[in-house]
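Biologist: Could you take me through the model on the screen? I should like to start with the domains and then move on to the chain contacts.

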Amino acid sequence: MAAEAKLRTCSVTGLQVHLPAQKLIMTNAVTAVVFLLIGTVMAILIALTRWPAVHLLNQEFFYRFVTAHGLNMLIFWIIFFEIAGLYFGATILLNARLAKPRVAWACFVLMLLGAALADIMVFTGNADVMFTSYPPLQAHPLYYLGILIFAVGALLACLLFFATLVLAKQEGKYDGALPLVTFGLACAAIIAVWSLAHGALTYVPALLWSVGLMKNIDPAMYRLTYWGIGHGAQQINLVAMIAIWYLLGTLTVGSKVPSQKLSRIAFFLYLPFINLGAIHHLLVDPGLHSPFRIFNTSYAMYLAVVGSMIHAFSIPAGVEIAQRAKGFTTGLFQWLRKAPWGTPGFSSLALSFVIFGFIGGTTGVIQGSEQLNMLAHNTLRIPGHFHTTVVAGTTLAFMGIAYYIIQLVGQRKLIWEKLAKFQPYIFSIGVVIMAVGMLSAGSMGVPRRHWDVTFADANLPVSLGERIYGALGMVGIGGIIAFVGALIFILLAVGSLLKGEKIA
Amino acid sequence: MDEEKKSGKMKAPGTLVLVFIFLAWFAALYFLNWSVLSRLWSIG
Amino acid sequence: MSISAPERIWWRPLAKEEKIWVIVALCWAIFMFIFMIAWHGAGRQNNPSTTYRITPAVFAQEANDFIAKYKVGEDKGRAIVAPPAGGDAYLISRLWSFDPILVLKKGERYRLHLSSLDLQHGLSIQPMNLNLQILPGYDFVVNITPTEAGEFSLICNEYCGIGHHKMVGKIIVKE
């Protein structure tokens with residue numbers, strides 16, 4: 001059989017690897033890292049501008065680069081990597097083959113074209129509209145078109161993931177339930193379909209409006225559908241990250257799942273509820289009433305939060321059980337002290353888990369409480385929150401798994417393993433300093449997406465107090481450290497794939 | 001696999017302590033924010 | 001293992017630790033949910049809801065009538081307006097200013113009308129740090145009662161083009 005011939009057996013895990021899938025996983029992951037690099041360069045320039053002592057960019061470039069940073073990080077880096085993750089979960093973890101590699105390549109080309117088009121529009125100054133592009137602010141039609149093309153590619157890739165699961169079942173690759181990691185990824189893919197559908201509801205009208213086929217767009221309606229994708233996309237990240245956490249637990253310390261039932265219920269709770277959180281961005285908007293706000297902002301009585309709190313228990317419990325089985329049974333925390341803190345996979349898991357929970361998750365729920373949002377809306381508290389979820393959380397977890405993908409799927413040893421040991425610490429320390437700076441500055445009223453908080457050009461004097469400069473200094477310094485951490489990762493990933501010793 | 005089968009007898013006491021530390025932190029931040037809010041102008 | 005298929009029967013009863021945590025998490029969730037509802041009764045800071053559709057031209061007309069009627073002075077070309085206690089007040093948001101400068105009385109309630117004449121804007125009252133969204137086409141009516149005297153800055157916190165950082169305004173609260 002032709003399909004049989006295209007398999008290799010992994011020498012480390014014994015899993016069957018479908019070679020066309022392997023190529024697609026690596027291509028998508030490497031492309032993701034290229035966009036991560038673009039986003040990272042933007043990040044340091046922005047951080048150094050928001051640090052008033054440096055105030056690097058002029059206002060035109062500042063706003064342009066904030067737009068580019070959001071787009072390249074939140075959409076291109078993360079979604080390319082997630083598509084790699086979906087293919088990995090549906091093929092390698094199931095010993096299965098990818099349903100239609102050709103379709104997967106078409107998806108890749110669409111996504112790349114769309115991303116390139118949108119980025120060109122942004123960098124040529126045709127879309128200085130921020131990642132949110134709130135009308136009546138208008139971008140060049142090709143910007144909306146680029147995002148739409150990208151979204152179509154991503155949507156098709158999700159459907160291909162589902163088709164691969166069906167095919168694997170038909171071919172008897174699994175029987176009964178999916179492995180938990182694949183189950184989690186499937187939940188992420190379902191949320192992705194929901195989010196991308198909102199992307200169509202948002203960007204199709206925006207495109208028609210930008211070419212003059214629609215007279216105007218209702219700004220409130222746009223915000224509603226926009227946040228369906230804008231926030232929904234972050235929920236894909238959340239769910240994919242949790243699946244990766246379970247995977248990292250197993251790969252690093254041989255974690256078992258304490259309760260398959262509980263973890264699956266927790267993933268399932270995300271499907272109906274998590275996307276109600278899109279309303280977090282509309283809590284102080286005109287036109288909505290409080291019962292609607294409360295129901296949605298709390299994901300219907302915080303049921304998605306219960307799901308997250310279950311994972312917050314199950315993931316460390318899995319590690320603890322595995323470590324105790326190895327004999328680390330003294331006291332309450334010997335299992336934790338004796339964990340492999342020098343393995344980048346494990347330190348990424350632990351740091352991303354703790355930072356996500358303690359800072360990202362709590363600030364998210366708090367700032368998403370209906371009334372409390374009046375304290376936080378559009379201040380730097382919002383980026384403070386999401387840099388601890390999507391950067392210290394999702395991105396760090398993805399970095400941790402990338403170290404394995406390079407070796408298991410890319411079949412290359414890491415160059416500079418010692419540097420890899422330190423990378424998760426450098427990166428996460430930087431992000432935490434930066435995010436705490438943002439959260440404090442925001443709580444003193446510093447707005448997000450703002451070029452000059454000294455208000456030197458304003459025709460009325462405004463002062464947000466002297467203390468904001470300390471907090472914004474943290475943003476700058478933390479940003480530099482995080483930048484170094486991210487660069488080390490990119491260097492390690494690309495360097496290993498090009499120069500790393502080959503693993504047979 | 002034994003641990004997975006013996007339901008009702010999981011041993012993860014350390015984790016239970018950690019999650020309660022998390023909850024205490026969460027609740028502290030939560031109420032701190034409400035107390036800040038209560039000092040704003042009256043709005044509705 | 002998280003990467004292999006679970007055993008055939010995986011829906012077993014939960015362990016004690018898991019039961020404790022799930023129950024605690026559920027209680028906390030329900031508590032936070034009820035807290036938001038309860039604050040509508042017991043708290044004084046709640047998100048405004050009253051909204052009317054309005055065109056920018058009509059809003060500008062109403063606001064300018066309001067300014068003409070209650071104007072008490074000028075500051076560098078900006079009107080200073082003292083609305084009657086308990087009455088309507090208007091705040092125009094546009095590229096790139098909040099107008100007029102409002103003079104309010106401490107402890108009095110005002111119906112503050114917010115709308116934009118062009119792009120989306122964000123009203124951020126500092127140093128108190130109270131933040132609301134302003135959209136063109138919507139007259140957002142905020143019932144507001146200043147509880148302390150002093151000068152308060154208004155800054156725009158929704159990106160509105162190249163002059164965004166210059167978009168400020170002022171509210172003066174008198175005893």
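Modeller: The centres of domain 1 of chain A and domain 2 of chain A, taken over C-alpha atoms, are 20 Å apart. This is a predicted model, in which local features need pLDDT of at least 70 and side-chain atom pairs count only at pLDDT 80 or more, while totals for chains, interfaces and linings use all residues. Residues are numbered from 1 along each chain as its sequence is written, chains are lettered from A and ligands numbered from 1 in the order in which they are written, and side-chain values use heavy atoms, with hydrogens and water left out.

Biologist: Which residues belong to domain 1 and domain 2 of chain A?

Modeller: Domain 1 covers 24-247, and domain 2 is made of 340-346 + 380-499. The bounds come from an automatic or database domain assignment.

Biologist: How many residues of each domain are in contact, and what area is buried between domain 1 and domain 2 of chain A?

Modeller: In domain 1 of chain A, 41 residues are in contact with 37 residues of domain 2 of chain A, where contact means heavy atoms within 4.5 Å. The buried area is about 3200 Å², and carbon and sulfur atoms give 80% of that. Buried area here is the accessible area (1.4 Å probe) that two parts lose on being put together, summed over both. On the domain 1 side, Met26(A), Arg50(A) and Trp51(A) supply 20% of the area buried against domain 2 of chain A, more than any other three residues.

Biologist: How many salt bridges and polar contacts are there between these two domains?

Modeller: The rule finds zero salt bridges across the interface of domain 1 and domain 2 of chain A; a salt bridge is a side-chain nitrogen of Lys or Arg within 4 Å of a carboxyl oxygen of Asp or Glu. Seven residue pairs are in polar contact between the two domains, both residues being at pLDDT 80 or more. A polar contact is a pair of N or O atoms within 3.5 Å; within protein, one must be able to donate a hydrogen and the other to accept it, and residues adjacent in sequence count only if both atoms are side-chain atoms.

Biologist: Which helix gives the largest share of the domain 1 side that touches domain 2 of chain A?

Modeller: H2(A) does, with 13 residues. Helices (H or I, at least four residues) and strands (E, at least two) are DSSP runs, numbered from the N terminus. By class, that side of domain 1 of chain A has 30 nonpolar, nine polar and two charged residues. Ala, Val, Leu, Ile, Met, Phe, Trp, Tyr, Cys and Pro count as nonpolar, Asp, Glu, Lys and Arg as charged, and the others, Gly among them, as polar.

Biologist: Turning to the chains, what do chain A and chain C bury between them?

Modeller: They bury about 6400 Å², 66% of it on carbon and sulfur atoms. The contact involves 81 residues from chain A and 66 residues from chain C. Pro286(A), Met374(A) and Leu460(A) lose the most area to chain C in chain A, together 11% of what that side buries.

Biologist: And how many salt bridges are there between chain A and chain C?

Modeller: There are three. Asp218(A) forms a salt bridge with Arg53(C), with the closest N and O atoms 3.3 Å apart. Between chain A and chain C, 36 residue pairs are in polar contact (both at pLDDT 80 or more). Helix H11 (residues 299-325) of chain A gives the most to the side of chain A that touches chain C, with seven residues.

Biologist: What is unusual about phi at Met301(A)?

Modeller: Met301(A) has a positive phi of about 60° although it is not a glycine. Met301(A) lies in helix H11 of chain A.

Biologist: How many residues of chain B and chain C are in contact?

Modeller: 26 residues of chain B contact 37 residues of chain C. The two chains bury about 3000 Å² between them, with 70% on carbon and sulfur atoms. Trp41(B), Ser42(B) and Ile43(B) supply 30% of the area that chain B buries against chain C, more than any other three residues. The rule finds zero salt bridges across the interface of chain B and chain C.

Biologist: Where are the cis peptide bonds at Pro136(A) and Trp96(C)?

Modeller: The bond from Pro135(A) to Pro136(A) is cis, with omega near 10°, and Pro136(A) is in the loop between helix H4 (101-123) and helix H5 (141-170) of chain A. A cis peptide bond also joins Leu95(C) and Trp96(C), with omega about -10°; Trp96(C) is in the loop between strand S4 (88-94) and strand S5 (97-99) of chain C.
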